[in-house]
Amino acid sequence: MIRVMLADDHALVRMGFRMLLANAGPAEVEVVAEADSGEQACAEFARQRPDVVVMDLSMPGMGGLEAVRRILAQAPQARILALSAHEDTAHSQRVLRAGALGYLTKRSAPDTLLTAVRAVARGETWVDAHTARALAMAQVK
């Protein structure tokens, strides 16, 4: 069972992610916490200690990037999948350098969320295909 926390400031987005993850089957993924700000994400992480945090980068307050940094400062083993509407390489590079294991754009196909959560839960680095290509091209230039 993979215990997941969803952090996004849009309730509708969290509900959609919850439904996508529920399709994996009741014995595979359980959403144990939700947060609508970076501050709440840090507090919920400390309370629930989920296996994977799905963290939106653009939230009110401290935002997702700072929340990633704070969670990893208190729990270096935390496994975080960053989620963003931003498709530029700057956002993905910053959050991956901060210690997130994965990066997923909100424009990705719905089934990639579960694939990414599974990979991050195993401790693997996971980046959606579009972002991976962009990062590779940025290295070439």
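This text walks through a predicted model, from its nonpolar cores to its helix packing and then to two arginines.

The cores come first. In soluble globular proteins, nonpolar side chains tend to be buried together. Here the largest nonpolar core has 25 residues, and those that touch the most other members are Phe-45, Met-55, Val-68, Ile-71, Ala-78, Ile-80 and Val-95. Two or more residues of this core come from each of the strands β1 (2–7), β2 (29–35), β3 (52–56) and β4 (80–84), and likewise from the helices α2 (38–48) and α3. Helix α3 gives the largest share, five residues. For a closer view of one member, take Ala-78: apart from neighbours within four places in sequence, Ala-78 is in contact with Phe-45, Ile-71 and Leu-72. There is also a second, separate core of 21 residues, including Ile-2, Val-29, Val-54 and Val-120.

The helices can be taken in pairs. Two packed helices are described by the angle between their axes and the distance between the axes. Helix α3 covers residues 63–74 and helix α4 covers residues 89–98; they pack at an angle of about 10°, and their axes are 9 Å apart. Angles under 35 degrees count as roughly parallel, so α3 is roughly parallel to α4. The crossing of α3 past α4 is right-handed. On the α3 side, the contact is made by Leu-65, Val-68, Arg-69 and Leu-72, and on the α4 side by Arg-94, Val-95 and Ala-98. By type, five of these contact residues are nonpolar, none are polar and two are charged. Two of them, Val-68 and Val-95, have already appeared among the core residues that touch the most other members.

Within α4, the buried residues include Val-95, along with Ser-92 and Gln-93. After α4 comes Gly-99, which has a positive phi, near 120°.

The other pair is α1 with α5. Helix α1 runs over residues 11–22, and α1 and α5 pack at an angle of about 75°, with axes 9 Å apart. Angles of 65 to 115 degrees count as roughly perpendicular, so α1 is roughly perpendicular to α5. Phe-17, Leu-20 and Leu-21 of α1 meet Leu-113, Leu-114 and Val-117 of α5. The contact of α1 with α5 has six nonpolar residues, no polar ones and no charged ones.

Helix α5 spans residues 111–121, and its residues Leu-113, Leu-114, Ala-116, Val-117, Ala-119, Val-120 and Ala-121 are buried. Of these, Val-120 belongs to the second core. Just after α5, Gly-123 has a positive phi of about 85°.

A positive phi also occurs at a residue that is not a glycine: Arg-49, with a value of about 45°. Arg-49 sits in the loop between α2 and β3. Its relative accessible area is 38%, so Arg-49 is partly exposed.

Arg-49 leads to another arginine, Arg-3, which lies in strand β1. With a relative accessible area of 25%, Arg-3 is partly exposed. Arg-3 and Arg-49 are 46 residues apart in sequence, while in space they are 8.5 Å apart, C-alpha to C-alpha. Neighbours within four places in sequence aside, Arg-3 is in contact with Gln-48, Arg-49, Pro-50, Asp-51 and Val-52, as well as with Glu-30 and Val-32.

How values were computed:
Residues are numbered from 1 along each chain as its sequence is written. This is a predicted model: local features need pLDDT of at least 70, side-chain atom pairs count only at pLDDT 80 or more; totals for chains, interfaces and linings use all residues. Side-chain values use heavy atoms; hydrogens and water are left out. Axes are lines fitted to C-alpha atoms, for helices over the stretch in contact, and angles run from 0 to 180 degrees between N-to-C directions. Helices (H or I, at least four residues) and strands (E, at least two) are DSSP runs, numbered from the N terminus. Angles under 35 degrees count as roughly parallel, over 145 as roughly antiparallel, 65 to 115 as roughly perpendicular and the rest as oblique. A crossing is left-handed if the near helix is turned anticlockwise from the far one by less than a right angle, and right-handed if clockwise. Contact means heavy atoms within 4.5 Å. Ala, Val, Leu, Ile, Met, Phe, Trp, Tyr, Cys and Pro count as nonpolar, Asp, Glu, Lys and Arg as charged, and the others, Gly among them, as polar. A nonpolar core is a set of buried Ala, Val, Leu, Ile, Met, Phe, Trp, Tyr and Cys residues joined through side-chain atoms within 4.5 Å. Buried means under 20% relative accessible area, exposed over 50%, partly exposed in between (1.4 Å probe, protein chains only).
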